[in-house]
Structures are given as C-alpha cells and as structure tokens.
Amino acid sequence: MLDPDEDGRERPAPRLPEVGTLRVLIRGARKRCPRCGERRIFDGWFTLTPRCPTCDLRFEREEGGFLGAMALNYAVAIIFWLIVMAVGIALTVPVVPVAPLLAASIAVVTMVPVWFYPRSKTLWAAIEFLVARSEPGYRSPPLIRDPRTKDLE
C-alpha cells in the first residue's frame, strides 16, 4: 500500500506471500529462487549468485553448504545410468553388446551431471529454505526490495 501510516511515514513494500512446500521444490527444480521465484539467480551455467536479487535470500547458508547438492547431482546421474543400463540389457538380453552400453554409460554419466548441476544447486537451496523457514527463529517473509538499489555491506 502507498498510504502513509498515522505518523506520516510511508509503509514498506508488501511482503512476499508464504508459499507451500511443493511450489518451493518446483521453483528449485526450475532454477528459480525458492522464496520469490526470481529467474535471474545465475551468473553463468555453473555460477549461482550468493543472494537473490529480488528478495535477498542467501542461497548458501554456511561454508560448504552445497555438499547436499553434489550428492543430489550424483544420485540423479546414477538413477539415469541405472535406467539406461536396465533398458539396454532388457532389450538385448540374449547377447548383450558391451561396446554400445559402455558408450551409453559414458554419455549418461558425463552429460547428466553437467545438465543437472544448476538444478541441483537450486533444488538444494530450496530444501535448505524449507528447513530454515520451519526453525523457530526464522523471521516472517521478507520485504520486496528493488534490485537496482545497492546495499552497503
């Protein structure tokens, strides 16, 4: 609201609405900020910005905080590899061709982690956000800030 308070001060910008768990996880899987849904959180394919430009959410809560993202990325790569291996063996069960399965394995184990890397970071940031907002000391949803303003740190 733009109406001033009783004492003449202007009210702050509206707070971001609290969203459900599924929506937070979907935002993480779509490479967006888990709190506000902002898209511009990557500087490159491998570089996640330290904070969201819109809601100022810090993505890495502590040093080494993305260890879970690496484990998530590894698990997804292994699951894709197991699916490729199971389908490949099931389709060629009497005589299993080793060379094509080896080539497919190498392709899956190298390409899936590179493709899933940014998603694993934002998905892990979403999981950390869900854990943090359930803690008793978590403050209410933040104010929307203008990304053009620069805060001194």
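G68 sits in helix 2, and in this predicted model it makes a handy place to start. With a relative accessible area of 15%, G68 falls under the 20% cut-off, so it counts as buried. Look across from there to W124: the two residues are 56 positions apart in sequence, yet their C-alpha atoms are 6.6 Å apart in space.

Stay on helix 2 for a moment. The helix covers residues 67-91, and its geometry checks out nicely: 25 residues at 1.5 Å each should span 36 Å, and the C-alpha atoms at the two ends are indeed 36 Å apart. G68 has company on the buried list for this helix, which also holds A69, N73, V76, A77, M85 and G88. Part of what covers those residues is helix 3, running from 98 to 133.

N73 shows that cover in residue terms. Its relative accessible area is 9%, so N73 is buried too. Once you set aside neighbours within four places in sequence, N73 has contacts with V112, P113, F116, Y117 and S120.

Now follow helix 3 itself. Its 36 residues should span 52 Å at 1.5 Å a residue, and the end C-alpha atoms come out 49 Å apart, which agrees. The helix does have a bend, though: about 45 degrees at Y117, with a proline, P118, following within four residues.

Y117 is worth a second look, and that brings us to the aromatic rings. Two aromatic pairs turn up in the model. In one of them, Y117 partners F46, with ring centres 5.4 Å apart and planes at 55 degrees, a tilted arrangement. This pair ties together distant parts of the chain, since F46 belongs to the loop between helix 1 (21-29) and helix 2, Y117 belongs to helix 3, and 71 residues separate them. Neither ring is hidden by the accessibility criterion: F46 is partly exposed at 48%, and Y117 is partly exposed at 23%. The other pair is W115 with F116, whose ring centres are 6.0 Å apart and whose planes meet at 40 degrees, so this pair is tilted as well. Here the two partners part ways on burial. W115 is partly exposed, with a relative accessible area of 41%, whereas F116 is buried at 10%. F116 is also one of the residues in contact with N73.

Rings meet charges here as well. The charged end of K121 sits over the ring of F66, 4.6 Å from the ring centre. Another lysine, K31, lies over the face of F42, at 5.9 Å from the centre of that ring.

K31 takes us into the loop between helix 1 and helix 2. Its relative accessible area of 23% makes K31 partly exposed. If you like checking backbone torsions, note that phi of K31 is near 60 degrees, a positive value in a residue other than glycine. D56, in the loop between helix 1 and helix 2, has a phi near 65 degrees, again positive and again not a glycine. D56 counts as partly exposed, at 29% relative accessibility.

C33 belongs to the loop between helix 1 and helix 2 too, but its surroundings are another story. With a relative accessible area of 0%, C33 is buried. Leaving out residues up to four places away in sequence, C33 touches R27, E38, I41, C52, C55, L57 and F59. There is also a long reach in sequence: C33 and L123 are 90 residues apart along the chain, with their C-alpha atoms 9.3 Å apart.

Zooming out, the protein chain has three helices and zero strands, in the order α-α-α from the N terminus. Of its 153 residues, 33% are buried. Among contacts with a sequence separation of 6 or more, 60% are between residues 24 or more positions apart.

How far does the predictor trust all this? The average pLDDT of the chain is 82, and 78% of the residues score at least 70. Over residues 1-5 the pLDDT is below 50, and that stretch has six contacts in the model beyond near neighbours in sequence.

Terms used: Residues are numbered from 1 along each chain as its sequence is written. This is a predicted model: local features need pLDDT of at least 70, side-chain atom pairs count only at pLDDT 80 or more; totals for chains, interfaces and linings use all residues. Side-chain values use heavy atoms; hydrogens and water are left out. Buried means under 20% relative accessible area, exposed over 50%, partly exposed in between (1.4 Å probe, protein chains only). Contact means heavy atoms within 4.5 Å. The expected span of a helix is 1.5 Å times one less than its number of residues. pLDDT is the predictor's confidence in each residue, from 0 to 100. Rings of Phe, Tyr and Trp (its six-membered ring) pair if their centres lie within 6.5 Å; planes under 30 degrees apart count as stacked, over 60 as edge-to-face and the rest as tilted. A charge sits over a ring if NZ of Lys or CZ of Arg is within 6 Å of the ring centre and within 35 degrees of the ring normal. The bend at a residue is the angle between axes fitted to the seven residues ending there and the seven starting there.
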